[in-house]
Structure formats: C-alpha cells, structure tokens
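Open the model in a viewer and keep the sequence at hand. Each stop below says what to select and what is there.

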Amino acid sequence: MKVLLVFLFFAAQGFAAFDQSHSKWQEFLKKRIKKEGNQTLVNYGAVKKDYEKLKSYLLELENVSQEEFEKFEKDEKLAFWINAYNAYTLDIVARHYP
C-alpha cells in the first residue's frame, strides 16, 4: 500500500524537476577537462570512454518539456541552452573521435 501511495504522489507531482544546477554536467566536465594557463583542454578519449554518462545528461535535457522550460527564469534558460550546446558538441566529437 505504501508503494502505491508513493507512486501516486510522484505521479501527481510529475517527474522530478530539471536540475537547474546542471550538477550531472558539472561532474562530467570536472573529470574530463583541465585548465592550463589560459587554455581549457578536453580529454576527448575520456569523454568517449564515459559516453554513457554524457548521454544520460543529454537525456535529462531532452526530457524537459516546453511547459517546464517556459517556467525557467531568464538566466536558467540561458544556462540551459549554453550547456545543451556544449554537451551536444561533445556528443558529436565523441561519436566521431578517432
């Protein structure tokens, strides 16, 4: 009975709201990029190796509904699009990396 109540609660609330901190993306980047002076270097081999983690973040982006997106603040929308652009760019590189 408790399981049913929990399910009904989450069904009524909708699925979890999008993580505006983009924590999954930040964790992914932290392990695959480094700064050297004024340069930011990407370890594309590590990106390709952990491709499923990147795809998981992209899936989070893809699951944001238009209705949910419209509720974002202006800065949240900008962060969403910048992070989406960067994540999909890494996706393209990872799929074609040597």
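Start by selecting Lys30. Lys30 counts as exposed because its relative accessibility is 56%, where exposed means over 50% relative accessible area, buried means under 20%, and partly exposed lies in between (1.4 Å probe, protein chains only). Now add Glu27, which is partly exposed at 39% relative accessibility. Lys30 and Glu27 form a salt bridge, with 3.0 Å between the closest N and O atoms; the term means a side-chain nitrogen of Lys or Arg within 4 Å of a carboxyl oxygen of Asp or Glu. Both residues belong to helix H2 and are three residues apart, about one turn of the helix.

A note on what is on screen: this is a predicted model, in which local features need pLDDT of at least 70 and side-chain atom pairs count only at pLDDT 80 or more, while totals for chains, interfaces and linings use all residues. Residues are numbered from 1 along each chain as its sequence is written, and side-chain values use heavy atoms, with hydrogens and water left out.

**The whole chain**

Show the whole protein chain as a cartoon. The secondary structure comes to six helices and two strands, and along the sequence the pattern reads α-α-β-β-α-α-α-α. Helices (H or I, at least four residues) and strands (E, at least two) are DSSP runs, numbered from the N terminus. The chain has 98 residues, of which 23% count as buried. Among contacts with a separation of 6 or more, 68% are between residues 24 or more positions apart; contact means heavy atoms within 4.5 Å. Switch on the surface: the accessible area is about 7600 Å², and carbon and sulfur atoms hold 60% of that. These areas come from the Shrake-Rupley method with a 1.4 Å probe, and for residues, only the protein chains shown count as cover.

**Helix H2**

Select residues 23–30, which make up H2. Which residues of H2 are buried? They are Trp25, Phe28 and Leu29. Because these three cover an arc of only 95 degrees around the axis, they are on the same side of H2; the arc is that of the directions from the helix axis to the C-beta atoms. To see what covers them, add S1, helix H3 (44–49), helix H4 (51–62) and helix H6 (74–96), which are included in that cover.

**The strands**

Select residues 33–36 for strand S1 and residues 39–42 for strand S2; the two pair in the antiparallel sense over four bridges. Strands are taken to pair if DSSP finds at least two bridges between them. Zoom in on Glu36, whose bridge partner in S2 is Gln39. Two residues lie between the strands of this hairpin, and Gly37 there has a positive phi near 65 degrees.

**Helix H4**

Next select H4, a helix of twelve residues. From its first C-alpha to its last, H4 reaches 16 Å, close to the 16 Å expected at 1.5 Å a residue; the expected span is 1.5 Å times one less than the number of residues. The buried residues here are Tyr51, Leu54, Tyr57, Leu58 and Leu61. They sit on the same side of H4, because their arc around the axis is only 125 degrees. Their cover includes H2, H3 and H6.

**A salt bridge from H4 to H2**

Select Glu60 and Lys24. Their side chains meet in a salt bridge (2.9 Å, N to O). This pair links distant parts of the chain, with Glu60 in helix H4 and Lys24 in helix H2, 36 residues apart. Glu60 is partly exposed at 26% relative accessibility, and Lys24 is partly exposed with a relative accessible area of 33%.

**Helix H6**

Move to Asn83, which is in helix H6. Is Asn83 buried or exposed? Asn83 counts as buried, because its relative accessibility is 11%. Apart from neighbours within four places in sequence, Asn83 is in contact with His22, Trp25, Gln26 and Tyr57. Draw a line from the C-alpha of Asn83 to that of Leu61: the two are 9.2 Å apart in space and 22 residues apart in sequence.

Stay in H6 for the last pair, Arg95 and Asp91, which are four residues apart, about one turn of the helix. They form a salt bridge in which the closest N and O atoms are 3.2 Å apart. Arg95 is partly exposed at 45% relative accessibility, whereas Asp91 is buried at 4%. A search of the whole structure finds six salt bridges.
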